[in-house]
Amino acid sequence: MRIGDFNGNKVQVGDLVRIRQSYSQKMIGKMAIVTKIWQGINVTIHIVDSGEEHEYHIKKLEVV
């Protein structure tokens, strides 16, 4: 399943993405890997440098 990111690029599980918008300023700019796509508009991502998992709306991410 592929869905569009912030720029309209297609995202799928395993893609490397950059967080463009977040409630937490420290998360903006972090690199992550998409681990799950659900409800067609949200994804679960694995943050590369911390190993944490978070859920984000697809429009807050950018495919690298």
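**Entry: a charge over a ring**

I started at Y23 and found the charged end of K60 sitting over its ring, 4.5 Å from the ring centre. I note here that this is a predicted model. I then searched the whole structure for aromatic pairs and came back with zero.

**Entry: the sheet**

Next I traced the strands. Five of them form an open sheet, and I read the order as 6-5-4-3-7, with antiparallel pairing. Which strands stand at the edges? I get strand 6 (53-57) and strand 7 (61-63); each has a single partner strand, so one side of each is left without a neighbour in the sheet. I also looked up the twist: on average, neighbouring strands of this sheet are turned by 45 degrees against each other, direction ignored. A reminder to myself: strands of a sheet pair through backbone hydrogen bonds, either parallel or antiparallel.

**Entry: strand 3 with strand 7**

I went to one edge and checked how strand 7 is held. Three bridges join it to strand 3 (residues 16-19), and the two run antiparallel. For V17 I looked up the bridge partner in strand 7, and it is V63.

**Entry: strand 5 with strand 6**

At the other edge I counted five bridges between strand 5 and strand 6, again in the antiparallel sense. Here I45 stands opposite H54 in strand 6. These two strands form a hairpin, and I find five residues between them. In the turn I checked G51, which has a positive phi of about 80 degrees.

**Entry: salt bridges around E62**

I moved on to charged side chains, and the count comes to three salt bridges. I took E62 and R18 to begin with: their side chains meet at 3.4 Å, N to O. The pair links distant parts of the chain, with E62 in strand 7 and R18 in strand 3, 44 residues apart.

Is E62 buried or exposed? I get a relative accessible area of 16%, so E62 is buried. R18 comes out at 31% relative accessibility, so I put it down as partly exposed.

E62 has another partner: the side chain of R20 meets it in a salt bridge at 3.6 Å, N to O. R20 lies in the loop between strand 3 and strand 4 (31-38) and E62 in strand 7, so this pair ties together parts that are 42 residues apart in sequence. I have R20 as partly exposed, with a relative accessible area of 33%.

**Entry: the D49 and K30 pair**

I then looked at D49 and K30, whose side chains meet in a salt bridge at 3.1 Å, N to O. Why does this pair tie separate parts together? D49 lies in the loop between strand 5 (42-47) and strand 6, while K30 lies in the loop between strand 3 and strand 4, so the parts they join are 19 residues apart in sequence. D49 is exposed at 58% relative accessible area, and K30 is partly exposed at 24%.

Last, I asked myself which residues are joined into one network by salt bridges that share partners. I wrote down R18, R20 and E62.

Technical notes. Residues are numbered from 1 along each chain as its sequence is written. This is a predicted model: local features need pLDDT of at least 70, side-chain atom pairs count only at pLDDT 80 or more; totals for chains, interfaces and linings use all residues. Side-chain values use heavy atoms; hydrogens and water are left out. Rings of Phe, Tyr and Trp (its six-membered ring) pair if their centres lie within 6.5 Å; planes under 30 degrees apart count as stacked, over 60 as edge-to-face and the rest as tilted. A charge sits over a ring if NZ of Lys or CZ of Arg is within 6 Å of the ring centre and within 35 degrees of the ring normal. Two strands pair if DSSP finds at least two bridges between them. Helices (H or I, at least four residues) and strands (E, at least two) are DSSP runs, numbered from the N terminus. Axes are lines fitted to C-alpha atoms, for helices over the stretch in contact, and angles run from 0 to 180 degrees between N-to-C directions. A salt bridge is a side-chain nitrogen of Lys or Arg within 4 Å of a carboxyl oxygen of Asp or Glu. Buried means under 20% relative accessible area, exposed over 50%, partly exposed in between (1.4 Å probe, protein chains only).
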